[in-house]
Amino acid sequence: MNIVIAGAGIGGLVAALSLRSAGPHRIEVLEAVPEIRPMGAGVNLLPNAVRELAALGVAETLSGIGADLTELGYYNHLGQTIWREPRGRAAGCRWPQLAVHRGALQQVLVAAVRDRLGSTVPTTGARVTGFTPRPGGGVDIDLAPGPDGAPRRIAADVLIGADGIRSAVRRGLYPGEGDPRADGTTVWRGITRAAPFHGGRAMAVLGDGRWKAVVYPLATTPGADGLVPVNWAVSRASAEETDRFPAAVADWRCGDLRMDALLRDAAKAGSFPLLDRDPLPRWSFGSVTLLGDAAHAMAPMGSNATTQAVLDGRSLAHALAGHADPETALAAYDRERRPRMNHLQLLNRAKGPELVIDLVQARAPRGFRRIEDVVDATRLAQVADGYARAAGFDADTANAPSPYGLPRRPPAAA
Ligand SMILES: Cc1cc2nc3c(=O)[nH]c(=O)nc-3n(C[C@H](O)[C@H](O)[C@H](O)COP(=O)(O)OP(=O)(O)OC[C@H]3O[C@@H](n4cnc5c(N)ncnc54)[C@H](O)[C@@H]3O)c2cc1C
């Protein structure tokens, strides 16, 4: 089968590696940017995604370039503990929760793709602009003109739109949809070398109901300077008062975590609007489907987007291995993944597990003596457990064998 993947982000690359294991496919990955450079900041791979990356033989490399996180804590702006929970191996999972730089993760996956699919994959400078389904199956794919200015069109049996939140493939399927949805939240993001905090393997989320800070390390072994790269994202839940960044959160402290130390270089931090997409009634149409952010871009709560893109790629390859007819396979993938992602998109829009911070802030805006006086521990546990199950990283689900087991194929170019 001739399969074209639009987009060499995490989702597209994992799909390519998974499809390589799934059958004798000819796989092309078309990436719009002329050169894949390490863009972005930190992302998290939850244990269910690490399990799938281990099946692809890349998890060990990733362990060497990221931080194995063992704790997540939610705190108010005064640094008082609302909820703490073990994560990854500390939560009884066979697989760790890894915090990695998005660019480093992408480079590891690109290297594996080149090794297994051939050194010319992915093709860069290849922007998909649209497609036309062929009568009787398959699809013609249009690309932006190349350096010679000539229009380009290629044929494929299957087109996978893994081209992110502004997906051209999604636009082809839903031409009236328009831009991603913005709720007015602004996010600033950066990486600062700072002293390890909370034992060196923790994610901390602090908030006062309006401002929020998410902080975690991208390495656990300090350098010669005693510091580690610490990823931080600060957000303001409405466009008002954004000029108060970084002062609004600079005096937040939580144990040995000090926001002022992280925000030293805040002037260099990128800021962007928080965007998501509405859940879709369908991802797969004949020979065309969507994956990752193109299918289900979600508000960044619960550190989940990259994990779900990994699972999509594995699920799709598994479906294509199990059905001779590609359209049947794409429909099976849609049935398996879309309902869960629709649910998760809506959970994240309602702040996902981080809603406990707002709940506590509304009841105890000036802090509390004991968290039990503000909110019942059972309620906090319900929110955390419910979210873990919805996203599939609870220990029972993550420790079960992969539902996407594929036959192993030798790692040679297709
Ligand atoms: C540059 C960048 C930086 C990011 N940084 C962060 C971060 O720091 N933290 C975080 O949590 N998330 C970040 N994200 C989002 C995160 O990567 C995704 O939410 C998640 O990994 C799912 O990935 P994806 O592969 O579905 O989409 P993406 O990661 O968005 O990848 C989509 C890929 O498709 C390519 N593409 C787009 N349009 C076309 C087209 N028409 N034809 C061909 N290729 C196309 C893009 O260049 C990109 O390489 C970033 C995304 C990008 C693109």
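**Entry 1: the ligand shell by element**

I looked up which elements supply the shell around the ligand in this predicted model. Three of them each give at least two residues: α1 (10-22), β3 (42-45) and α9 (305-322). I then asked which one gives the most. It is α9, with 3 residues.

**Entry 2: the shell by residue**

Next I counted the residues. I found that 28 residues surround the ligand. The closest are G11, E31, A41, R102 and D293. I sorted the shell by class as well. Nonpolar residues number 14, polar ones 8 and charged ones 6.

**Entry 3: polar atoms at the ligand**

I checked oxygen atoms of the ligand for polar partners. For G11, the partner is a polar backbone atom, 2.9 Å from a ligand oxygen. For E31, an N or O atom in the side chain is 2.6 Å from an oxygen atom of the ligand. T306 also uses its side chain: a polar atom there lies 2.9 Å from a ligand oxygen. How much of the ligand does the protein cover? On its own, the ligand has 920 Å² of accessible area, and the protein covers 80% of that.

**Entry 4: α10 against α12**

I moved on to a pair of helices. Two packed helices are described by the angle between their axes and the distance between the axes. Here I took helix α10 (residues 326-349) and helix α12 (residues 377-391). Their axes come within 10 Å and cross at roughly 145 degrees. Is the crossing left-handed or right-handed? I noted that α10 passes α12 in a left-handed crossing. On the α10 side, H343, L344, L347 and N348 make the contact. On the α12 side, the residues are Y387, A390 and A391. I classed the residues of this contact too: 5 are nonpolar, 2 are polar and none is charged.

**Entry 5: cis peptide bonds**

I looked for cis peptide bonds next. The bond from V121 to P122 is cis, with omega near -5 degrees. Where is P122 found? I located P122 in the loop between α4 (102-117) and β8 (128-133). The bond from F245 to P246 is also cis, and its omega is near 5 degrees. P246 is found in the loop between β15 (228-236) and α6 (247-250).

**Entry 6: a positive phi**

Last, I checked backbone phi at H198. The value is positive, about 50 degrees, although H198 is not a glycine. I placed H198 in the loop between β12 (181-194) and β13 (202-207).

Key: Residues numbered from 1 in each chain as written. Predicted model: local features only at pLDDT ≥ 70, side-chain atom pairs only at ≥ 80, totals over all residues. Heavy atoms only, no water. Near = heavy atom within 4 Å. Polar contact = N/O pair within 3.5 Å; in protein donor to acceptor, adjacent residues only side chain to side chain. Areas by Shrake-Rupley, 256 points an atom, 1.4 Å probe, with all protein chains shown as cover. Helix = DSSP H or I, 4+ residues; strand = E, 2+ residues; numbered from the N terminus. Nonpolar A, V, L, I, M, F, W, Y, C, P; charged D, E, K, R; others polar. Axes fitted to C-alpha atoms, helices over the stretch in contact; angles between N-to-C directions. Left-handed = near helix turned anticlockwise from the far one by under 90°. Contact = heavy atoms within 4.5 Å.
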